[in-house]
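Okay, thanks for coming, everyone. Let me put the structure up on the screen and then talk you through it.

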Amino acid sequence: MGKKNKAEKKGKNGKKKDEFLNDEPHDLAAILVQAARSMRTVLSRNLLESGLYAGQDGVMLALAETDGLTAGGLAARLGVKAPTMTRTIGRMEAQGFLERRPDEDDARLTKVYLTEPGRNRLQTIAEAGQHSEALATRGLTDKQVRTLMKLLRAVDSNLQAARAAD
């Protein structure tokens with residue numbers, strides 16, 4: 001075995017030091033999608049112990065911010081289709097996390113509210129998110145994390161603007 005040249009030396013993560021620099025710009029979508037899937041998988045595992053499933057945390061956090069949203073309002077806020085949200089609400093209502101009530105001003109509308117057991121899960125959701133973020137950013141400096149968040153917000157803003165223009 002001969003000596004490794006500088007390009008072949010591996011860093012702490014077991015990858016070649018220059019490996020991250022060899023990504024092509026057209027790989028961005030694949031990398032973003034994979035990172036999002038990995039983050040979602042870790043978060044889902046962390047939430048499962050509390051009886052929550054993927055996506056339910058977003059519903060509960062949205063209601064914690066603005067309780068009494070319609071299913072359509074929740075769907076729009078979370079970027080999912082209304083039938084998906086209706087099924088999610090039904091499942092969460094059966095679990096005792098949410099309840100549906102007629103709107104006080106317009107009986108044609110039904111609004112969704114967190115129940116006390118749902119509110120009691122908010123701390124668990126926050127802790128699962130913090131744990132997932134700590135895993136995802138392990139080895140990054142605070143400045144790198146802030147930069148990453150800034151860049152991801154810019155990417156999301158660009159994509160949201162393109163979607164709105166369609």
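I'll start with the overall layout, then go to the sheet, a helix, and the core.

First, a caveat: what you're looking at is a predicted model. The protein has 166 residues, and 20% of them count as buried. It exposes about 12,200 Å², with carbon and sulfur atoms supplying 54% of that. As for secondary structure, you get seven helices and three strands. If you walk along the sequence, the pattern goes α-α-β-α-α-β-β-α-α-α. And if you take the contacts with a separation of 6 or more, 46% of them are between residues 24 or more positions apart.

Now the sheet. In what order do the three strands sit? The order is β1-β3-β2, in an open sheet with antiparallel pairing. That leaves β1, residues 69–70, and β2, residues 98–102, as the edge strands, each pairing on one side only. Between β2 and β3, which is residues 110–114, there are five bridges. β1 is joined to β3 by two bridges, and that pair is antiparallel too. If you want to find your way around on screen, look for Val112 in β3: Leu69 stands opposite Val112, and so does Arg100. Leu98 is opposite Leu114.

Okay, on to helix α1, residues 28–48. How far apart should its ends be? With 21 residues at 1.5 Å a residue, α1 should span 30 Å, and its end C-alpha atoms are indeed 30 Å apart, so the two agree. The buried residues of α1 are Leu43, Ser44 and Leu47. These three cover an arc of only 105° around the axis, which means they sit on the same side of α1. That goes with a general point: an α-helix has 3.6 residues a turn, so residues three or four places apart point the same way. Over on the face turned away from the buried side of α1, you'll find the exposed residues Ala30, Arg37 and Arg45. And what covers the buried ones? Among other things, α2, residues 56–65, and α6, residues 122–136.

That brings me to the core. The largest nonpolar core has 20 residues, and the ones with the most contacts inside it are Val59, Met60, Leu63, Leu74 and Leu98. At least two residues of this core come from each of α1, α2, α3 (71–78), α4 (82–95), β3 and α6. Which element gives the most? It's α2, with four residues.

Let me zoom in on two of those core residues. Leaving out residues up to four places away in sequence, Val59 touches Leu74, Leu78, Met85, Thr88, Met92 and Leu98.

Then there's Leu98, which sits in strand β2. Is Leu98 buried or exposed? Its relative accessible area is 3%, so Leu98 is buried. With the same neighbours in sequence left out, Leu98 touches Val59, Leu63, Ile89, Met92, Glu93, Val112, Tyr113, Leu114 and Thr115. One more pair to look at: Leu98 and Arg119 are 21 residues apart in sequence, and their C-alpha atoms are 9.2 Å apart in space.

So if you take one residue away from this, make it Leu98: it is opposite Leu114 in the sheet, and it is among the residues with the most contacts inside the largest nonpolar core. That's it from me.

Methods: Residues are numbered from 1 along each chain as its sequence is written. This is a predicted model: local features need pLDDT of at least 70, side-chain atom pairs count only at pLDDT 80 or more; totals for chains, interfaces and linings use all residues. Side-chain values use heavy atoms; hydrogens and water are left out. Buried means under 20% relative accessible area, exposed over 50%, partly exposed in between (1.4 Å probe, protein chains only). Contact means heavy atoms within 4.5 Å. Accessible areas come from the Shrake-Rupley method with a 1.4 Å probe; for residues, only the protein chains shown count as cover. Two strands pair if DSSP finds at least two bridges between them. The expected span of a helix is 1.5 Å times one less than its number of residues. The arc is that of the directions from the helix axis to the C-beta atoms. A nonpolar core is a set of buried Ala, Val, Leu, Ile, Met, Phe, Trp, Tyr and Cys residues joined through side-chain atoms within 4.5 Å.
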